[in-house]
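Got the viewer open and a hand on the mouse? Let's take a walk through this one, a selection at a time.

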Amino acid sequence: MVIPLSYLEQGQKAQIVWMAFPPKLGCHLQDLGFDADQPVTCVQKGRGGGMSAYLIGRRIVALRVSEALNILVRLSPARSPAAAPPGPSVPDRQLPPNDRSENASCRSGRKGQ
C-alpha cells in the first residue's frame, strides 16, 4: 500500500516510492537521503500536526506535514515480535548533524538549477 510519508505512525517503517517537489527542494531532500527505494522510519510524530522526525540512512530529519505529504512511501511488511531485533530502532550513538555544506550539489553541479 502506498501512502504519504506524513501518514506513518511513530515507529512505523516504509520505503520511499516517489517525491513530488520543485527541483530545488527535491534536490535538497535527495542530498539528505530522501530518494526512491530508501527505507525511512518515523521516529517522532509531531503534536497537533506539527513537524515529525524521520530516520533516513543515518540521519534524523524533521519535516513539516506539507512536505511529508508530497513523499509517497510503501509500508514495510509487518514483522512478528520474535523477528524484531532487540533494542531501540534508533541507534544510541550520536548522529551527524545535517551540515548544509554537504548539500552543495543543490546549488551547483546539477543541470536545470
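Start by selecting V40. Leaving out residues up to four places away in sequence, V40 touches L5, Q12, K13, A14, I16, F34, Y54, L55, I56 and V73. Keep in mind as you look around that this is a predicted model.

**The core around V40**

Now widen the view to the largest nonpolar core, which has 19 residues. V40 is among those with the most contacts inside this core, along with L5, F34, I71 and V73. Which elements give two or more residues to the core? Colour β2, β3, β4, β5 and β6 and you have them. The largest share, three residues, comes from β2.

**Zoom out for a moment**

Switch to a cartoon view. You should find two helices and six strands. Trace them from the N terminus and the order reads β-β-α-β-β-β-α-β. The protein has 113 residues, and buried ones make up 30% of them. Take the contacts between residues at least 6 apart in sequence: 67% of these join residues at least 24 apart. Turn on the surface, and about 7,300 Å² is exposed, with carbon and sulfur atoms supplying 54% of that.

**Along strand β3**

Back to sticks. Select T41, which sits in strand β3. Is T41 buried or exposed? T41 counts as buried because its relative accessibility is 10%, and the cut-off for buried is under 20%. Setting aside neighbours within four places in sequence, T41 is in contact with G11, Q12, K13, A53, Y54 and L55.

Next, click on P39, also a residue of strand β3. P39 is exposed, with a relative accessible area of 53%. Beyond residues up to four places away in sequence, P39 touches A14, Q15, L55, I56 and G57. If you like measuring tools, draw a line from the C-alpha of P39 to that of L75: they are 9.7 Å apart in space and 36 residues apart in sequence.

**The loop leading into β3**

Select D37, in the loop between α1 (23–31) and β3 (39–44). What is there to notice about its backbone? The phi of D37 is near 75 degrees, a positive value in a residue other than glycine. D37 counts as exposed, at 55% relative accessibility.

Just after α1, pick G33: here phi is positive too, at about 115 degrees.

**Helix α1 and what covers it**

Highlight G26, C27, L29 and D31, the buried residues of α1. What covers them? The cover includes β2, β5 (59–63) and β6 (71–75).

While C27 is selected, add C42 to the view. Both cysteines are buried: C27 has a relative accessible area of 2%, and C42 has one of 1%. A disulfide is a covalent bond between the sulfur atoms of two cysteines. How many disulfides does the count give here? The count comes to zero.

**Out on the surface**

Rotate until you can see W18, in strand β2 (residues 13–19). W18 counts as exposed, at 52% relative accessibility. Add V2 and V17 to the selection, and the three residues make a nonpolar surface patch of about 280 Å².

Then hop to R58, in the loop between β4 (52–56) and β5. R58 is exposed as well, at 52% relative accessibility. Measure from its C-alpha to that of L32 and you get 9.9 Å, for two residues 26 apart along the chain.

**Last stop: a salt bridge**

How many salt bridges does the count give? The count comes to one. To see the pair, select R64 and E67, whose side chains meet at 3.2 Å, N to O. The two partners sit in unlike surroundings: R64 is partly exposed, with a relative accessible area of 47%, whereas E67 counts as buried at 15%.

Key. Residues are numbered from 1 along each chain as its sequence is written. This is a predicted model: local features need pLDDT of at least 70, side-chain atom pairs count only at pLDDT 80 or more; totals for chains, interfaces and linings use all residues. Side-chain values use heavy atoms; hydrogens and water are left out. Helices (H or I, at least four residues) and strands (E, at least two) are DSSP runs, numbered from the N terminus. Buried means under 20% relative accessible area, exposed over 50%, partly exposed in between (1.4 Å probe, protein chains only). Contact means heavy atoms within 4.5 Å. A disulfide is a pair of cysteine sulfur atoms within 2.5 Å. Patches are made of residues with over 30% relative accessible area and no salt bridge: like charges are joined within 9 Å, nonpolar side chains (Val, Leu, Ile, Met, Phe, Trp, Tyr) within 5 Å. Accessible areas come from the Shrake-Rupley method with a 1.4 Å probe; for residues, only the protein chains shown count as cover. A salt bridge is a side-chain nitrogen of Lys or Arg within 4 Å of a carboxyl oxygen of Asp or Glu. A nonpolar core is a set of buried Ala, Val, Leu, Ile, Met, Phe, Trp, Tyr and Cys residues joined through side-chain atoms within 4.5 Å.
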